[in-house]
Amino acid sequence: MPLRSARPLLVALTSLALTLTACGDDHRASDKGLHQSLEQLRSSTEAADRRAKLAALKAFAAESPAAKAAQTACVRAYEKLFEAEDAIAAAEATMKAAAAGGAPLDPARSQLTRATASLDEADKAMADCDTAASRLTILVR
């Protein structure tokens, strides 16, 4: 191929590469923002704060496939975790009420069974979150 006829192809390929690089930079900033939102959620210790940070993570506009995967997996995991925490708290309240008033413990037992199932689901979902978040961490570094 003569140099003269290769020049337009070279210009087109260079333009395409620059466009793709620019798009990657846009996703990189979004990926970093989602990564930061996820790290804030993970480092939070207060229940109300964690729920607020989960809402922020849900609302984040993830752009790249890796960010979307991490967002989906981690939102699911934390929602399952919060379900389990709520079920445990309800079971504890039922047990305390039963102990104080002599009421039957059967409702508390069924609540504990549901809480245990929710906790198992949360554990599995958290493993998916960890995997997706690790992939995102690699991309943003």
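This passage walks through the fold of a predicted model, its confidence and its nonpolar core.

The layout is easy to follow: the chain has four helices and zero strands, so to speak an α-α-α-α run when read from the N terminus. Of its 141 residues, 30% count as buried. The accessible surface comes to about 9000 Å², and carbon and sulfur atoms hold 60% of that area. Contacts often link distant parts of the sequence: among those with a separation of 6 or more, 69% join residues 24 or more positions apart.

Confidence is uneven along the chain. The mean pLDDT is 83, with 82% of residues at 70 or more. Helix α2 (residues 47–59) comes out highest, at a mean of 94, while helix α1 (residues 3–43) is lowest, at 66. Over residues 15–23, pLDDT stays under 50, and the model shows zero contacts for this stretch beyond four places in sequence. Where pLDDT is low, the predicted coordinates should not be read in detail.

What about the inside? The largest nonpolar core has 24 residues, and the ones touching the most other members are L34, L54, L57, Y78 and L136. Each of the helices α1, α2, α3 (65–101) and α4 (106–140) supplies at least two residues of this core, with α3 giving the largest share, 10 residues. Nonpolar side chains do tend to be buried together in soluble globular proteins.

L57 makes a handy example. Leaving out residues up to four places away in sequence, L57 touches L34, S37, L38 and L41, and also Q71, C74 and V75. One of these partners, L34, is itself among the core residues that touch the most other members.

Note on methods
Residues numbered from 1 in each chain as written. Predicted model: local features only at pLDDT ≥ 70, side-chain atom pairs only at ≥ 80, totals over all residues. Heavy atoms only, no water. pLDDT = per-residue confidence, 0-100. Contact = heavy atoms within 4.5 Å. Buried < 20%, exposed > 50% of the residue type's maximum accessible area, 1.4 Å probe, protein only. Areas by Shrake-Rupley, 256 points an atom, 1.4 Å probe, with all protein chains shown as cover. Core = buried A, V, L, I, M, F, W, Y, C linked by side-chain atoms within 4.5 Å.
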